[in-house]
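Here is a short briefing to read alongside the model. Have the viewer open and follow the topics in turn.

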Amino acid sequence: MISGKTRFVPLLAHPVHHVRTPALFNAECTRQELDMVMVPLDVRPDMLEHTVAGFRAMENVAGMVVTIPHKGSVAALCDRKVGAADLVGACNIIRRERDGSLTGGMFDGEGFVAGLRHQGFEPKGLRALLVGAGGAASGVAHALLQAGVAGLTIANRSRDKAEHLAGELARVFPDARISAGVSDPAGYDLVVNGTALGMHEGDALPVDVERLERGTIVAEVVMQPDMTPLLVAAEARGCRVHKGTNMIEQQVRLLVDFLK
Ligand SMILES: NC(=O)c1ccc[n+]([C@@H]2O[C@H](COP(=O)([O-])OP(=O)(O)OC[C@H]3O[C@@H](n4cnc5c(N)ncnc54)[C@H](OP(=O)(O)O)[C@@H]3O)[C@@H](O)[C@H]2O)c1
């Protein structure tokens, strides 16, 4: 029930039709008996700054959840960034403080690792290949290193972005084995698709599935379709598969906690 006391949490995306977070977020608020509601809003990139400024001015806005394509650009609109957001320079949530200032956070990575653990996959000690170096992949990379993977290779279409991310992470995790490399999945315990590949019919596969080894954990960030072509192919090769939906389901509690 929405009342004058309800705190509002817009979700900013463009386009917005595919988002799944509002249903999960609102269910979590109900479960925790929090008077907070999320509504998805379709915000064009050229209107992001105006939109965020408008919500900054509203006293009953608890914060904003931010997704494609705004995660990077919204970081510059925050007054401060905390945790992984500070490192990766991207935010997927903003908390509006009582004084109207905006604190950015990034929980994609923590959500991903929480999802892995929830499915019984412990990342500590695994040799990991991550394909992608965008917003979601950066968060995942940070969280995998924090979880203690034995090594992390980052492969991305734009190699300079993978190299930049590997360099940034090496500063934060000086003892970890981190490199920018190629997307050959042979020899890894954990292979993660952190790109948008798989969302659309006809997308290329993020790795050469013929090179996947039996028993490797193959994980997705892509949530729709539920079983991406990568996961279907990986399962057929005897890999253990991990859906993108696990990441958002585990992340939603972290998002609610950040705002409440
Ligand atoms: N499950 C969840 O909770 C969750 C949370 C967040 C995001 N996601 C999903 O994660 C995916 C990526 O989102 P994002 O926010 O990270 O987007 P992003 O910041 O725009 O990054 C996109 C990434 O995908 C790569 N890519 C895009 N098209 C490609 C192509 N045709 N060939 C090769 N690489 C390509 C990009 O490579 P370049 O750098 O070369 O452009 C980049 O690494 C989306 O599917 C999103 O829905 C899921």
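The points below cover the sheet, a helix beside it and the nonpolar cores.

This is a predicted model, in which local features need pLDDT of at least 70, side-chain atom pairs count only at pLDDT 80 or more, and totals for chains, interfaces and linings use all residues. Residues are numbered from 1 along each chain as its sequence is written, and side-chain values use heavy atoms, with hydrogens and water left out.

**The sheet**
- Six strands make an open, parallel sheet in the order β9-β8-β7-β10-β11-β12; strands are DSSP runs of E with at least two residues, helices runs of H or I with at least four, numbered from the N terminus, and two strands pair if DSSP finds at least two bridges between them.
- At the edges are β9 (178-180) and β12 (240-242), each pairing on one side only.
- Strand β11 (residues 217-220) runs parallel to β12 and is joined to it by three bridges.
- Ala-219 has His-242 in β12 as its bridge partner.

**The nonpolar cores**
- The largest nonpolar core (buried Ala, Val, Leu, Ile, Met, Phe, Trp, Tyr and Cys residues joined through side-chain atoms within 4.5 Å; buried means under 20% relative accessible area with a 1.4 Å probe, protein chains only) has 51 residues.
- Phe-112, Leu-144, Leu-152, Ile-154, Leu-169 and Leu-190 have the most contacts inside this core.
- Helix α6 (residues 135-146) gives the most to this core, with six residues.
- This core lies between domain 1 (7-106) and domain 2 (109-247), because both give residues to it; the bounds come from an automatic or database domain assignment.

**Around Leu-190 and the helix**
- Leaving aside residues up to four places away in sequence, Leu-190 touches several residues, including Leu-116, Leu-144 and Ala-219 (contact means heavy atoms within 4.5 Å).

Technical notes
Buried < 20%, exposed > 50% of the residue type's maximum accessible area, 1.4 Å probe, protein only.
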